[in-house]
Amino acid sequence: MREPVGKLLLFGATGDLSQRMLIPSLYGLHADGLLPEGLTITGTARSEQDDDWFRNFARKSLDEHLADDHKDAEAIDRFVERLHYQPLDASTIEGFDELAKKLGDISGGLAIFLSTAPWLFGPTIKGLQSAGLAGDNVRISLEKPLGKDLESSREINDIVAGAFPEERTFRIDHYLGKETVQNILALRFGNSLFEPSWNARGIDHVQITISETVGLEGRAGYYDEVGALRDMVQNHMLQLLALVAMEPPARVDGTAVRDEKVKVLRSLRPITGSDVSQLTVTGQYDSGAVKGAIVRGYDEELEKDSDTETFVAIKAHVDNWRWQGVPFYLRTGKRMPERRSEISIQFKPVPHSIFAERGGALQPNTLVIRLQPEEYVRLLVMAKQPGLDRDGVRLREVPLNLSLDTEFAGTRRRIAYERLLLDLIEGDPTLFVRRDEVEAQWAWIDGIREGWASSDMKPKGYASGSWGPSSSVALTERDGVTWNE
């Protein structure tokens with residue numbers, strides 16, 4: 001691990017992400033004594049404001065987004081003393097010299113968090129170079145979206161690489177900062193129970209679901225250009241798939257873990273041409289009811305007709321020795337019945353049931369890893385029902401639960417960005433996404449989108465509050481599989 005930097009620079013410091021996640025996360029690290037002594041945090045955005053305004057902005061953000069039991073007036077006072085602000089129009093090179101003056105001496109190292117529109121990446125990088133803010137002791141973190149396809153992603157990566165080599169570039173996928181996601185590694189490689197059967201011999205199929213109850217939520221302009229496939233599958237879902245399917249890394253570090261993930265992503269079987277109609281389902285929500293509230297359809301919210309998908313289901317395969325023949329079912333959508341992110345791993349049934357003659361029906365074991373809103377690991381196993389068994393042994397599926405919320409009740413559950421910001425400050429790249437990962441993800445996604453275009457495949461309507469188009473049910477039921485709901 002490298003030495004921590006002495007300064008942090010936040011682009012887009014007055015935006016929604018900063019208010020909801022970055023400022024509360026940095027305060028959390030400060031309150032727990034995890035930020036380096038003397039670290040200063042400088043925010044920049046187009047607003048013509050000053051340090052006092054930004055400090056008050058931070059106080060308001062903390063008041064709105066922190067739990068009451070985590071608010072400490074004295075800690076907040078000390079935290080805002082770290083904060084500074086410099087107005088900047090990142091689209092022009094003018095102003096970067098003033099930004100450099102505001103930052104002052106950066107010989108102790110500088111970390112930059114870049115949360116801006118992708119079209120600003122180029123001008124921002126040039127501005128940083130011109131002002132001497134791209135030297136060997138500077139690292140940069142990039143927030144998505146990193147392009148809209150493989151070609152544009154490569155263009156962005158080339159621009160960034162012109163100033164910041166790969167070892168100083170930290171691409172964020174905030175799902176990797178979630179505690180339960182990191183627990184996938186602990187579950188798989190810290191327990192001898194699972195690894196012997198974590199392969200095609202032991203696992204029947206894997207399901208990954210990320211469902212949202214919300215609609216556009218003020219993101220209409222962005223979302224309609226992107227859609228569910230690029231917004232959720234290209235990054236979060238493929239990263240989860242890679243963690244589930246990867247081979248054991250030699251050690252837990254940025255090189256070994258990411259080497260194994262990229263092998264999985266490059267082994268994804270392409271879905272192109274006529275395959276898309278058999279292996280993918282797209283949908284767009286219509287009006288309906290979510291949690292008892294009547295909501296409008298996507299086109300009504302958008303106030304125009306659109307073919308953008310708000311739901312995607314995919315049957316994927318990883319073509320390697322470990323996973324040959326095991327389907328990975330991916331499903332994500334908006335206006336679903338509930339908010340949920342989970343991985344469900346169904347093991348194969350026992351080869352022979354000794355209970356069959358006496359009516360003891362067996363269900364295959366299932367491991368459920370819930371990422372949100374609850375955080376738990378649940379293993380469904382077969383157990384005998386109490387009784388004298390005069391009419392045969394009765395078995396029932398029962399859960400073995402590990403609730404992370406309960407087991408670690410005395411430990412504060414951190415925002416994902418806390419871990420990622422601390423790793424950026426300290427220079428640990430393990431939970432960030434490497435360029436070859438991003439490009440492998442885009443290559444697979446582009447094949448699906450080209451298949452949709454060539455077959456003129458349009459999203460099918462589904463009622464808000466449902467689990468998507470009926471064809472998503474057929475996608476799994478053709479294989480005798482039911483979505484875990």
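Me: How many aromatic pairs does the count come to in this structure?

Reply: In this predicted model, the count comes to 13 aromatic pairs. One of them joins Phe194 and Trp198, whose rings meet edge-to-face, with 6.2 Å centre to centre and 80° between the planes. Both Phe194 and Trp198 are buried. Elsewhere, ring pairs link Trp53, Phe54, Phe57 and Tyr85 into a cluster.

Me: Which rings have the charged end of an arginine sitting over them?

Reply: The ring of Tyr285 has the charged end of Arg335 over it, 5.7 Å from the ring centre, and the ring of Tyr376 has the charged end of Arg378 over it, 4.4 Å from the ring centre.

Me: How should I read a nonpolar core, and which residues touch the most other members of the largest one?

Reply: The general idea is that in soluble globular proteins nonpolar side chains tend to be buried together. Here the largest nonpolar core has 111 residues, and Ile314, Phe328, Ile345, Leu367 and Trp444 are those that touch the most other members. Helix H8, which covers residues 220-245, gives the most to this core, with 13 residues. Apart from this core lies another, of 27 residues, which includes Leu9, Leu99, Ile106 and Leu142.

Me: What does Leu367 touch, if residues up to four places away in sequence are not counted?

Reply: With those left out, Leu367 touches a set of residues that includes Phe194 and Trp198, and also Ile345 and Arg378. Phe194 and Trp198 are the edge-to-face pair described above, while Arg378 is the residue whose charged end sits over the ring of Tyr376.

Me: Is Asp51 buried or exposed?

Reply: Asp51 counts as buried because its relative accessible area is 17%, and the cut-off for buried is under 20%. Asp51 lies in helix H2, residues 51-65, and, not counting residues up to four places away in sequence, touches His84, Tyr85 and Lys102. Tyr85 also belongs to the ring cluster with Trp53, Phe54 and Phe57.

Me: How do I read the sides of a helix, and where do the buried residues of H6 lie around the axis?

Reply: In general, an α-helix has 3.6 residues a turn, so residues three or four places apart point the same way. Helix H6, residues 150-161, has 12 residues and reaches 16 Å from its first C-alpha to its last, close to the 16 Å expected at 1.5 Å a residue. Its buried residues are Leu150, Ser152, Ser153, Ile156, Asn157 and Val160. These lie on the same side of H6 because they cover an arc of only 165° around the axis.

Me: Which elements do the buried residues of H6 pack against?

Reply: They pack against helix H5 (121-130), strand S5 (138-142), strand S6 (169-171) and helix H14 (435-454).

Key
Residues are numbered from 1 along each chain as its sequence is written. This is a predicted model: local features need pLDDT of at least 70, side-chain atom pairs count only at pLDDT 80 or more; totals for chains, interfaces and linings use all residues. Side-chain values use heavy atoms; hydrogens and water are left out. A nonpolar core is a set of buried Ala, Val, Leu, Ile, Met, Phe, Trp, Tyr and Cys residues joined through side-chain atoms within 4.5 Å. Buried means under 20% relative accessible area, exposed over 50%, partly exposed in between (1.4 Å probe, protein chains only). Helices (H or I, at least four residues) and strands (E, at least two) are DSSP runs, numbered from the N terminus. Contact means heavy atoms within 4.5 Å. Rings of Phe, Tyr and Trp (its six-membered ring) pair if their centres lie within 6.5 Å; planes under 30 degrees apart count as stacked, over 60 as edge-to-face and the rest as tilted. A charge sits over a ring if NZ of Lys or CZ of Arg is within 6 Å of the ring centre and within 35 degrees of the ring normal. The expected span of a helix is 1.5 Å times one less than its number of residues. The arc is that of the directions from the helix axis to the C-beta atoms.
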